[in-house]
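Suppose a student and a teacher sit down together with a protein model and try to read it feature by feature. How might such a conversation go?

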Amino acid sequence: MSKLFQFVQGHVAILILGILANGVQLSVAATGQPNIVLIVTDDQGYWDTGISGNPDIETPNMDRLAREGVQFSRYYCAPVCAPTRAGLMTGRYYLRTGLYNTRFGGDTLGKKEITVAQLLKTAGYRTGIFGKWHLGKYHGFQPNQRGFDEFLGHYHGHLERYQFPDQIYHNGKPVEARGYVTDLFTDAAMDFIEASHEKKEKFFCYLAYNAPHSPFLLDTSHFDQPEGDKLIEKYLGKGLELRDARIYGLVERIDINLGRLFEKIDQLGLRKDTVVLFMSDNGGVSRHYKAGLKGYKSQTYEGGVRSPLFVRWPGHFPAGGMVEAQASHVDMLPTFCELAGVPLPQDRKIDGKSLVPLLESGKGKSHHEYVYHTWDRYFPNPDRRWSVSDQRWKLVGIFGAKAEPSASKWKLFDLEKDPGETKNLLSKEPQQVERLRKEFVRWFNDVTDGVDYHPAPIPVGNVEENPVEIQPSWAKWEGENVQYTFDGYDWDTIDGWKVPGEYAEWDLDVLKSGLYEVTIAYGCSPVKMGGTLRFTAGQSRLYFKVVPTGNGEVFERKVIGTLKLVEGNVKLKAEVSEIDGDELMRLNQIWLRRVER
Ligand SMILES: [Ca+2]
């Protein structure tokens, strides 16, 4: 079949050149395209809802949605955040998309990927995302270039402040946001839905809460906002430890907001025209109640990858339905495409399968022959943390950083008889082990075939993002002492520089040749630090004699000069030229601004 889609670089336009995929049944589309509201929470466990059997958490609105729609007992996400979001947006397992990490620029969705938002736009949908994107920070990778008309949220894996939240952007521009973050994203989603309704447009609303992810912050009485304190006190009163009391409070705070959202949908008369889906993005982190599941977020046991999934569409999907078939986050794109009557891209492998038949019948024990999981922070690895399951059997390998992976330490479970993964049948069922490992390796080789895994070069010189912020976390660094220190993105530093020649380096994608003004934010103690920093980019050099900032922890911004950058891939190197003190400085941020000439 000829290429169905041709992706036009730098634009969201998709030219439909072909026809429907073979065998795609558009039964639902014939009844009219529904609105789609996808609610994704962050690090909420399968067990962090009342309907999971949890006796202490209070989630009446999540539970009501579950009862009014179809629940899935075995719905799987990736073990961590960004990989799941890549799968949600593309219908493909994350390793196919070039994304391989949750930080360091490895949390960037490859430019050639087509998102579900782009596809829904071709069917006339208005598209909005509210909350955590986590698929790329820079222009070209941001939601507004990946198919979303409206974006209010953040690019990274988490925020440092939930009250008056930091690092919030609206359609690419940094904004100051008041209030509590969960309320804020809900309000924006409700406004988007109402505005779309007034324009008489179908909508896709992706509400991607950053809660209950760490740092587990509720609004507290410190800001004269006692709602959070009340929730924490309630769960402490039920005997929970403080960490879990906070997580439960964060989840309940989402639930309260979902009550407002569902009421808005009803008030606008959109209940019957709207598919509402609720899920988390990976396994849980709370410990108080686990619904009998093993493991946590980042592991490939059930507790690390199983998520709630509740789907409501009155009159189409039967209330009280329960699907037992194993389903996956990569199924969302094909599901939404079927609902909207949009053909799937034919020029690439889509791993997901539409859930619509299961949703319409409200039951089913067969969907994917196999579901696969793998996670290793720094580079794809088929041995470190992985699993593969069919409807009954599951083979797992989990090895910590210091452990040597070994086939004798794999684990085989019979999920039908032992959903809690308590009895290792590895030695009793060698044929199952061999079959499942072979299938996992086949899959791993397939999804990594021909894909390069490295931080995307940072685009520099785009008029839409000028200056561009060069983040410490995207650096590669070299030297015995120099290091990257994570401190919540805004306070990250490259520090410890002690010897001339030690450096940090960034890959840039210079979009236009010319002069670029260099601004840095840095800290320098007047007694312990000092020296000269040298920037190099191609043939261009710039020296900066470091001036004390009052204290090494106090960061000042300074324009330090210009570099001449040539279009194309350029390495920007920040290097110790001379040392005058124990160490050079703490380098916090760099901005490159294209200037005239
Ligand atoms: Ca997460």
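The dialogue below takes up domains, a pocket, a metal site, two helices and some backbone details in turn.

Q: Before we begin, what kind of model is this, and into which domains is the protein divided?

A: This is a predicted model, and that is worth keeping in mind throughout. The protein is divided into domain 1, covering 25-373, domain 2, covering 374-448, and domain 3, covering 458-594. Taken over C-alpha atoms, the centres of domain 2 and domain 3 are separated by 43 Å.

Q: How does one look for empty space in a protein, and how much space lies in the second largest pocket?

A: Rolling a probe the size of a water molecule over the atoms shows where empty space is left. In this structure the second largest pocket holds about 780 Å³ of space.

Q: Which residues lie nearest the centre of that second largest pocket, and which strands supply its lining?

A: The lining is made up of 33 residues, and those nearest the pocket's centre are Tyr169, Pro174, Glu469, Asp490 and Arg557. Five strands each supply at least two residues of this lining, namely S8 (168-170), S9 (173-175), S21 (468-470), S29 (556-565) and S31 (586-594). Sorted by class, the lining has twelve nonpolar, nine polar and twelve charged residues.

Q: Where does the second largest pocket lie with respect to the domains?

A: Here one asks which domains give residues to the lining. Domain 1 and domain 3 both do, so the second largest pocket lies between them.

Q: Let us turn to the metal. Which protein atoms are the donors of the calcium ion?

A: To read a metal site, one lists the donor atoms and then looks at the angles among them. The donors of the calcium ion come from Asp42, Asp43, Cys81, Asp281 and Asn282, with Asp281 listed twice through OD, and they lie 2.2 to 2.6 Å from the ion. Cys81 takes part through its SG atom, while Asn282 does so through OD1. Among the six donor atoms the angles run from 53 to 163 degrees, and the site is irregular. Along the chain, the donors follow the spacing D-D-x37-C-x199-D-N.

Q: Why can Asp43 and Cys81 be said to tie parts of the chain together?

A: Asp43 lies in the loop between strand S3 (35-41) and helix H1 (60-68), whereas Cys81 is in helix H2 (residues 81-90), so the pair ties together parts that are 38 residues apart in sequence. Both Asp43 and Cys81 are buried.

Q: How many residues of helix H2 are buried, and how many of helix H8?

A: An α-helix has 3.6 residues a turn, so residues three or four places apart point the same way. With that picture in mind, one can go along a helix and ask of each residue whether it is covered. H2 is mostly covered, with ten of its ten residues buried, among them Arg85, Leu88 and Met89. In helix H8 (residues 332-340), nine of the nine residues are buried, so H8 is largely enclosed by the rest of the structure. The buried residues of H8 include Phe336, Cys337 and Glu338.

Q: What happens to the backbone just after H2 and just after H8?

A: Here one reads the angle phi. Gly91, just after H2, takes a positive phi of about 75 degrees, and Gly341, just after H8, takes a positive phi of about 75 degrees as well.

Q: Which residues have a positive phi although they are not glycine?

A: Gln167 is one of them, with phi at about 55 degrees, and this residue sits in the loop between strand S7 (150-154) and S8. Phe216 also has a positive phi, near 55 degrees, and lies in the loop between S10 and H5. To judge burial one needs a cut-off, namely that buried means under 20% relative accessible area. At 13% relative accessibility Gln167 counts as buried, and Phe216, with a relative accessible area of 13%, is buried too.

Q: Finally, where are cis peptide bonds found?

A: The angle to read for a peptide bond is omega. A cis bond joins Ser214 and Pro215, with omega about 10 degrees, and Pro215 is in the loop between S10 and helix H5 (227-237). Another cis bond runs from Asn466 to Pro467, with omega near 10 degrees, and Pro467 is in the loop between strand S20 (458-460) and S21.

Conventions. Residues are numbered from 1 along each chain as its sequence is written. This is a predicted model: local features need pLDDT of at least 70, side-chain atom pairs count only at pLDDT 80 or more; totals for chains, interfaces and linings use all residues. Side-chain values use heavy atoms; hydrogens and water are left out. Domain bounds come from an automatic or database domain assignment. On a 1 Å grid over the protein atoms alone, a cavity is a set of points where a 1.4 Å probe fits but cannot get out, and a pocket is an open set with protein on both sides within 12 Å along at least five of seven lines; lining residues have an atom within 4 Å of a point. Grid points are joined across faces, edges and corners, and a volume is the space filled by probe spheres set on the points. Helices (H or I, at least four residues) and strands (E, at least two) are DSSP runs, numbered from the N terminus. Ala, Val, Leu, Ile, Met, Phe, Trp, Tyr, Cys and Pro count as nonpolar, Asp, Glu, Lys and Arg as charged, and the others, Gly among them, as polar. Donors are N, O and S atoms within 2.8 Å of the metal (3.2 Å for Na, K and Ca); water is not among the atoms, so sites may look incomplete. Four donors count as tetrahedral if all angles lie between 85 and 135 degrees; four count as square planar and six as octahedral if opposite donors are over 155 degrees apart and all others between 65 and 115; anything else is irregular. Buried means under 20% relative accessible area, exposed over 50%, partly exposed in between (1.4 Å probe, protein chains only).
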